[in-house]
Structures are given as structure tokens and as C-alpha cells.
Amino acid sequence: MQKSGMKLWSVITSVIFGIVGLFLLLGGIKLLFLGGSWFYALAGFAMLAAAVLGLSKPQTAMRLYAAFLLLATVWSLFEVGFDIWGLEVRLLTLVGLGVWLLIPGVWRAGSTWLTDKREVLGALAVSCLALVASCFSSYSINGTVAADRMAASLPDMHDGVPAGDWHYYGRNAQGQRYTPLDQITPANISNLKRAWVTETGDTQQAGEAVVAGPDAGHEFNLELTPIKVKDTLYICTPHSWVMALDAKTGKVKWKYDPKPAKADLDTNVYLACRGVSYYRIPDEIQTSCRERIYSPVADARIVAVNAETGQPCDDFGDHGFISMREYMGNVPLGFHFITSPPMVMKNRLITGGWIFDNQANFEPSGAVRAFDATTGKIAWAWDAGHNPETWTPGPGDMLTRDTPNAWGVYTADPALGLVYFGTGNAPPDNWGGSRRPFDDATSSATVALDIVTGERRWLYQTVHHDLWDMDLPSGPTMVDLPDANGQTVPALVQSTKRGEFFVLDRRTGQPVPGYPVEERPVPTAGHAPDDRVSPTQPYPAAMPSLTPANLKESDMWGATLLDQMLCRLEYRESAYEGQFTPPHVGKTTIVYPAFYGVVDWQGITIDPARKLMFANASYLPFRIKLDHRNKLEQEGVLPKWQGAGNEPAAKGNALAISPDYGTPYVAYTNPWLNPLQIPCKGPIWGTLTAIDLVTKKIVWQHPVGTTRDTGPFRTHNNLPLPTGMYNIGGNIVTKGGLLFMGATADDYLRAFDVATGKVIWKDRLPAGGQATPMSYEVDGKQYVLIAAGGHGGLGTRSGDYILAYTLDGATK
């Protein structure tokens, strides 16, 4: 009976080894022909041989596997050193199979268990020792901010915002996200507890989880950063509600629902509102609605409501509303809406909008417009395709179609009278053969306009002829810095999806002396024959970069050795020569860094006293393939669309297929995941970095976030592995020496010591915290607040929570 049981175990083992070995052998041979690693073919051969020998010569099979495991360990160390994530994916599968071989009934020769298993035991000991040693590897850059820099401070009221308030998305118009409050410190952070939790009531509805196809789903994202004026917090929700909360208790003071058109809600692929804007109409202007809250509405309107009552300001536009579809010509449903709060200053309301990516080359205009903040009447439009580019359209006029847009949060310098924003591309993103000279001249650039007149003061481009959607999704952040000659320069720092940081004089748009920018060669081969590429791209030469290193085959990752091999095959089959590899026609191209990060719409935080910059970054490659349109239209795979005003839009998916009507191509675009829905590029996936803006060096950098809520097949349960995690949302810094950040896919709010970057406090949120926190003061008590409502694109838990924290969780 025992011998029969042993035989069954041995047969099962041989079948398992045979299946795994055959998979590795066939894939490994293909990888060899593609110029890849020899290891996988050898691994497949060794496992197949062991599977066969295990039935007739079990001791030989055991010794063969032990020898192979030792070889695999040496090979793994040669490829990745003592990198825990690199060794884990290479060795854990093989170690698991080795542990299986220790089962008493498997591949026995009839002698004692130890005699049969000792070679495998020895090999397992060596492999496990390598894995254990790799656990001590560090992915951090450890450093400490000097004590004199930590003690630096600014005069009170340096930015015109009361110390206890938060008037703009970034607290001040300069977008710094720095608060001069210092009641909460590293010394007492352990006493930080929830003071109140408010549920807005605006929750995710059916079909609003994640974009799943044309008109089949919509991202529902609570990306909100509230503002605080006097004793009130003001917020907006994904379905465009505007609300006022008591800053001390979280109690709802009023709620206004502008009732966006259902047709727009049903067709917008991105339901989000990042914040509202506050403005007090100057005393010399007559109005019955002096203090106002302006908020985007999902049907391409902006509403102005009375800050005290929540009722629309009747003297603004059409009884409180202005339509952003005016002067835009034909705007198909879902093709234009606003997700970021407008910049309101000097009686101007300035905003752009989101134009549905990659649908056509005849989409609505990306022009930036300013309106009279009191009446809602248009004051000027900055229209890259018009001559002159700044003008005031009238009845019957139309802004130039398909120009670069500016959809992120804007920033401003009130003293200079300038508003700043980053531009995107003239659609579509991945083929530029039909772009006009003014499109190429103004895309992927930081732009400075006069707030009152709209005249362009300067423009600085960060990507030339952008084919990778490397638009600038956030406005720059202001800080005064010493230049190479020791003179103080009014500067700004522009973050990018590339992970680069451009330091410019905010008066002129030129690089600050000591912060030079270089043009460096980039790949040019393989682009579409009817397109072109720039032979060089700009790189900040002195500033630290968060741009990842170019990918290598050995960087490929997965849950097991098997799916990792599939990623290596895809790497070898794809077009890739590093960053800026042009999208190819008929062949998949790897894009890394990609358009989801490195630093996305959250932008950066700057401590203006300590001259420190903080950036949280994400790392996930994407893949793009251009294909010929005619073939797909003839086969009926893609409907035809000419963009006529009486013709419904034939929309594509936001992330899968980009129809690019009006061009010769379509584009297939997806995050690079293997069949288990695990990234083909291994950890680290998310970092938090502090950069000294004076010395131009990284002070500290740490992985941020864990895999607790992100598992294979996009499940929400996993071990909390410290891989660093994808993050959407920003961070804030306090005079008290703390950095607060939610953003990560594992649903925590964390506090970091500014001096070292170490996590010193955290709280588990009831839903995803994919938003930027804020901090304020009421009755002498400092609060930290975050919106936790999840993010459909990131797949975090959805909700409608606003959470406030104070020391001891008490309010006076």
C-alpha cells in the first residue's frame, strides 16, 4: 500500500515537472531565437529530464534537480545580485518545487528519506540563504536634512493666505502645498487621531467602476482637495455636487447639486472634481454675491455659488452658470469637460479643460479662456491657432479646433500678474503627422500668460513633437532660489510625467543660472513613415531626476518564473531602444516612462522655507501599437466617423483602442501586464523623494506603499509586501516638520518625518485616498484632512469619505 502511494506521488510530481518543463523549454527556445537569455530553455530541459528520470531513476532525478537549483541560484545572483524582488521571481518557483520534492512519497529510491533528499536539501539551503540575504537589500536613499535647514521659517502671511486657511488647491496660488502650522510635530504625531468623518452621500453608481469599453463604463474618482476659508471647508464631488462643511465638526452647512445633464454623465469616461475655487469680488464692483465658490460641472459648465448660502450667483453668466461649450463648435458628448478648479484672481476666472484623448484630429479646441469673475462674460482666449493667439471671441466665432489643451491645476504669481499652466498635445497623442506648426510649438510646454489681458509672456517646451502623451498635467510650483551667482531669483519648478524637473525664472521662462537644460539625442528609428520625430529632447542637467533607467530583459518580472518568461518574450518582441522610442506601425512599442506617471496630475510640493521639494512617483510601463485604419474599417471592427455636427461620435476606449479618426492609424494602448495581470516591470513601483533645491541633490528617497490591496488578477487581497506602490494624489508639508500623503493603492494616510522621510504614523482609510491632503486651523487646533473615495482607474475601494485628524482626536 505504501509503495502504491509513493508511486502515485511520484507520477503526480513527474506530471507537474513535465508540464512546467515543457512550458519553459518551448518558451525558452523562442527566447533564444529572439536573442534572449539561455536559462529558460536549459531550465525546461532540466525539468523535463527530471520528470522522466523521476519514474525510473528517482535518485538521479533528485540530484539533477539539486544541481539545476544550484545553477539557477548562481545565475540569478549574476543577473540581479542580492535584489529581493529579482531573486524572488527567479528562485521562489524553483524553491517551491524543491520543497515539494521533500514530501516523503516523492521520487524515492527505497533508502532512507535523508539519503534520498540530502542533495535537494543542500541546494534548497543555498537558495534560501540567498533569498534571506537579499531581504536586507535596501531600495532607499537614506539621508537627513541639516538641522539649520529644518529650523528655517518664513515671515507670517508671506503668501497672502491666513496661516490657518487653505485658499487654493495648493493652499496658495503658487501651488506650494506648504502650511505654516506647526502644532503637529514628529514628537507628538503618535497622538494624531480622527476628529470627525463626514460622508458626502455622492457614491459610485452602476457602471462607474472603470472604463471597460466604448460607453460601457466610467471612472469614478474622488480626487478632491478641499479648500478652507475662515471657518468653512468647500468641496465638490465626482457627480458635481458643491458642498460646504463646518471646518471644526465636519457638519454639512449646505449642498448644491447643479444637476449635470445625464447624457454627459453617461458619456464622460472620467467622473472627477479635484476642487473648487474661492474668490471675493472687489468692493468697488457692485454685486449681491461678493464671496463666491466656483466649481466645475460634469456637463462642461462652471457654476458660481454664494459661499454663505450655496445658491447660484444670479449675476454670473446665465443665473450662475457659464458653458464651456461656447465658441467650441461641435462638441460631441464626453469630448470636453473640466476636472480641475479654475484659477480665479484679479477678477478673472481662468480655465482650460479635458479633451477626450486620441479620438480624432478634428476634436474641440484646447484654448485656455478667461472670464470676468463677476459677470461670467468672456474676457480673452489664448488660442494657439489664432492670429493673434490671444483674442476675445464674439457671437458666431469659433476657437481653433484640435489645439493642445491644459487640463490640470493652474498656478499663479499675483505680484507678477502671471498665470502658469502646462499644455498637452494636439490630438491624437501617438501620431503627429497632421499637427500644424503652432501645435508643435505650444505642446507639452509650460506657459505664462498675463492674468488680466491673456497676453503670452513666455513658453518653455519640455518635449518636442510629443508622441508619448508626455503632457504637463499640473501647473508649476513657485519658490525663490539662489542662482549660480548667489542672487535670489523668483523661480518655478515644473514637474513632468517623465520624472524630470525644470527650474525656470518665472519672469522670463528661461532656466535659472545654475540649473541648465541640455538637448540630448534620443531614438529616432522606426516611426510611422508619414510622421517625424525630434532627434533631441530637453533634459535638466543639474537637477536630480526620477526618470527610471532604461529597461533590460533582466528587469522583467512576474509572480512566477513562468509568467516572468512571458514578459521577457514580450520585451524581445517589442520595439524598444529606451525612453522616447517612437511608436511603430504594426509592431508593439514599449513606452517607459509612460503617461501614467512618473509624476502625474498631483504635481510636487515645495517647502519654501527649507528649500526642499517633495515628489511621489509611480513606475509602470505601457505598450503602444499603431495599426492601419482602413483595414479595421473595412472589416467592420471600427465604425467610421467624420465628425459632422449631426453625426454621433464613434468613441473609442480611453485605454484600449484609440481610433484616431482623421489619421491613417489607430493605436492600441495598454499597461504592460502579464496574463496574471501583474506588471512586467518589477518593483519598486512607487517612491517618495526629497530633493534639496539649493544643493540640487536627493536628500532621501524611500519606497512608499505596499501590495496589501493589490494582488494577481487585480484582486484586493495580498500580503503587504514593501514594493512601493502606484500612487495617484499628492503630498503636503508642514512647518512642524511633517509630510502627509495618501495616494497609494494600499489605502493608507501616512505621515513622514521631513528630516529623514521615515514613516512615523499611518491610518487605514475606509476607501482609497487618491487625493492630495490639506491642513488648516480652527480655534487654535491644527487639522489634517483627506478625501477618501477611491479611484476607478487604480481599482481602489470606492467611498465618499472626508476625514479630519487632530491631536487626541478632540476638537475644542
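Which residue in β22 does V419 stand opposite? In this predicted model, V419 faces L449 of β22, and that pairing is a good place to start walking through the structure.

V419 belongs to strand β21, which spans residues 418-422. Five of the five residues of this strand are buried, so β21 is largely enclosed by the rest of the structure. If you follow the side chains along the strand, L418, Y420 and G422 point one way, while V419 and F421 point the other way. Whichever way they point, these residues are all buried.

Now look at the partners of β21. Strand β22, residues 445-450, is joined to β21 by five bridges, and the two run antiparallel. Strand β20, residues 411-413, also pairs with β21 in the antiparallel sense, here over three bridges. Within that pairing, D413 stands opposite L418 of β21. The hairpin of β20 and β21 has four residues between its strands, and G417 takes a positive phi near 70° there.

From the strands, let us turn to the cysteines. How many disulfides does the structure hold? There are three. Numbered in sequence order, the bonded cysteines of the protein pair as 1-2, 3-4, 5-6. We can take these links one at a time.

One of them is formed by C236 and C273, whose sulfur atoms sit 2.0 Å apart. The torsion about their S-S bond is about -95°, so this disulfide is left-handed. C236 lies in strand β5 (residues 232-236) and C273 in the loop between β8 (270-272) and β9 (277-280), so the bond ties together parts that are 37 residues apart in sequence. Is this link buried or exposed at its C236 end? With 0% relative accessibility, C236 counts as buried, because the cut-off for that label is under 20%. C273 counts as buried as well, at 3% relative accessibility.

The next link brings C289 and C313 together, with 1.9 Å between their sulfur atoms. Here both ends are in loops: C289 in the one between β9 and β10 (291-297), and C313 in the one between β11 (301-306) and β12 (321-323), so the parts tied together are 24 residues apart in sequence. C289 counts as buried at 3% relative accessibility, and C313 is buried with a relative accessible area of 1%.

C567 and C680 make up the remaining pair, joined S to S at 2.0 Å. This one links distant parts of the chain, 113 residues apart: C567 is in helix α9 (residues 561-573), and C680 is in the loop between β34 (665-671) and β35 (686-692). With -70° about the S-S bond, the link is left-handed. Both of its cysteines are buried.

Finally, what about C128, which is in no disulfide? Its nearest cysteine sulfur is that of C135, 10 Å away. Seen from the other side, the sulfur of C135 has C128 as its closest cysteine partner, and 10 Å is too far for a bond. For comparison, a disulfide in this analysis is a pair of cysteine sulfur atoms within 2.5 Å. As for their surroundings, C128 is partly exposed, with a relative accessible area of 33%, whereas C135 counts as exposed at 54% relative accessibility.

Notes. Residues numbered from 1 in each chain as written. Predicted model: local features only at pLDDT ≥ 70, side-chain atom pairs only at ≥ 80, totals over all residues. Heavy atoms only, no water. Buried < 20%, exposed > 50% of the residue type's maximum accessible area, 1.4 Å probe, protein only. Pairing = 2+ DSSP bridges.
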